[in-house]
Amino acid sequence: MLSFEQALEKLLAAAQPVEEVRSLPLTAAAGRVLAVAQSSTVAVPPLDNSGMDGYAVRTADVAAAGVCLPVSQRIPAGTVGTSLQAGTAARIFTGAPVPAGADAVVMQELCEHGAGGVVVNHVPRLGENIRRAGEDIAIGAEILKPGIKLRPQDIALAASAGLPELPVYRRVRVGVFFTGDELVQPGEPLPPGAIYNSNRYALRALLEGMGCEVRDLGTVPDNLASTRDALRRAAADNDLIITSGGVSVGEEDHVKPAVEAEGRLDMWKIAIKPGKPLAFGEVRRNADNGGGKAWFIGLPGNPVSAIVTFLIMVRPFVLRLQGVSEVTPRGFNLRADFDWLRPDVRAEFLRGRINDSGGVDLYPNQGAGVVTSLCWGDGLVLNKPGLAIKQGDSVRFVPYAELLS
C-alpha cells in the first residue's frame, strides 16, 4: 500500500493549473485564483495625510501646552491646502493631505477653542498622527502573489492600488456521476435493498464550495456501455471526472474496465483509514472535442470514506488544478481528551471536535458509514500509523474550516 504522503505526492505531481486566464473586474474576482503577480503603480497613501480629525501644526510653534494659534485654513479630506504659515494651525480632517510646513497633527480632543484661535493642550512629537506617503504600499511594490485564492482583503488591496481588474484562472470544470442500481434520490420511495445517494450531494457541495463548475451527469445504470458513455460525455468538456464506488473488480463494478477502455487507470491502495481504495487516471477526449484528456478520480463508496478521502486527497489536487500554490491545510497541536488505544496500521483520520477547555473529543463511533460523525465534529485528528493516544497527549488537529476552503 502507498502511504498517505506517497499517494498525495503522486497526485500533486500530475496536476497542473488550467491554462486559460481571464481578466475579471474586482467585483467578480473574489474567490478566484490569481494567475499573475500584481504590482502597484501608485504609492498608498499618495500623500502625507492626517490620521485624525484635529489641527496640523509646526512642532516648533507648540513648545508648551496651552499655546493658542490662529487657524489659517480648513482642509477637508479630498482637498489640498496651502503651505502652513509659521505660528498658525490648520483645521484638518482624517485622510486630508497634510499641508507643506506642518510636521504633526494634534487630535481635536486635545484642543479647545480660544479667543484668538485654537488652544493646543498637548505638546506633539514630530510626525504625530501623520500617515506618510507610501507607508502602506510603495510605487512598484508587489502587492499580490500568483497562486492565491483572492479574499475580500486582497480585493481591497488591489483597489487601493488602483487596479480595476485582475487576471485569474478560469474555474475548474468537474464532471460527476454515480453508478449503482441500489441508489435512490432523496424524496423518492426507498425499496428494499436500496439506499439514498448521499455522496452525490456531498461531492457536489464540496466542489461548488471550492469554486468549481460542477456538471452532474446523475446516476448511471450498472452496465459497461452506459458507464463508458458517461465517461465520454464527462470528458468532453471537463478537466476532472469524479465518481464514488464501483471501482472494484466485482461483476457489477463497471467503472474500472470502462476507464481502462476509454483511457488509463491506476488502482491505488492507500494506507489511510477511512479510505484505502482510490482510483486515479485519465479519460481521452475524442478529436471532435479537441483531443487531450480529462483526469479521473474514483472515490470509495462509503460516505465517510468518500468525504474524508475527498478532503485529504482530492481537495489539494483540485486546488492545484485551480492554480493555488499552497495546498496544505493548516493544523494545530491540541490536547487529546480521549483514549485511542487500538490504533490501525494505517494513518487514521478521526472525527473530533474542540471542547470548551481547548482539548479534542472523539465521536464514539468512527465507522466509515457514520455520517453523523462528520456533522458532530469540527475537524479531523491526524493519527500516525500504529500510534496509540492517551488522554493528555498532543494530537494534530485540522479544522474543517481549513479543509472546506
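The crossing of helix 4 and helix 7 is right-handed. This is a predicted model. The briefing covers the packing of helix 7 (residues 303-322) against helix 4 and helix 1, then the largest pocket and the largest cavity.

**Helix 4 with helix 7**

- Helix 4, residues 198-209, packs on helix 7 with the axes 11 Å apart and at an angle of about 25 degrees.
- Angles under 35 degrees count as roughly parallel, and helix 4 and helix 7 are therefore roughly parallel to each other.
- On the helix 4 side, the contact is made by S198, N199, A202, L203, L206 and L207.
- On the helix 7 side, P303, A306, I307, F310, L311 and V318 make the contact.
- By class, this contact of helix 4 with helix 7 has 10 nonpolar residues, 2 polar residues and no charged ones.

**Helix 1 with helix 7**

- Helix 1, residues 4-14, also packs against helix 7, at an angle of about 25 degrees and with the axes 9 Å apart.
- That angle makes helix 1 roughly parallel to helix 7.
- The crossing of helix 1 and helix 7 is right-handed.
- Helix 1 contributes F4, A7, L8, L11 and L12, which meet I312, M313, P316, F317 and R320 of helix 7.
- The residues of the contact of helix 1 with helix 7 comprise 9 nonpolar, no polar and 1 charged.

**Largest pocket**

- The volume of the largest pocket is about 580 Å³.
- Its lining consists of 20 residues, and those nearest the centre of the pocket are K149, R315, V324, E326 and S405.
- Helix 7 and helix 9 (400-403) are the elements that give two or more residues to this lining.
- The lining of the largest pocket divides into 7 nonpolar, 6 polar and 7 charged residues.

**Largest cavity**

- The model has 1 cavity of 30 Å³ or more.
- The largest cavity has a volume of about 80 Å³.
- Residues G31, R32, V33, K149, Y169, R170, R171, V172, M210, G211 and Q322 line the largest cavity.
- By class, the cavity lining has 4 nonpolar, 3 polar and 4 charged residues.
- K149 is listed both among the residues nearest the centre of the largest pocket and in the lining of the largest cavity.

Technical notes
Residues numbered from 1 in each chain as written. Predicted model: local features only at pLDDT ≥ 70, side-chain atom pairs only at ≥ 80, totals over all residues. Heavy atoms only, no water. Axes fitted to C-alpha atoms, helices over the stretch in contact; angles between N-to-C directions. Helix = DSSP H or I, 4+ residues; strand = E, 2+ residues; numbered from the N terminus. Parallel < 35°, antiparallel > 145°, perpendicular 65-115°, else oblique. Left-handed = near helix turned anticlockwise from the far one by under 90°. Contact = heavy atoms within 4.5 Å. Nonpolar A, V, L, I, M, F, W, Y, C, P; charged D, E, K, R; others polar. 1 Å grid on protein atoms, 1.4 Å probe; cavity = no way out; pocket = protein on both sides within 12 Å on 5 of 7 lines; lining within 4 Å. Points joined across faces, edges and corners; volume = space filled by probe spheres on them.
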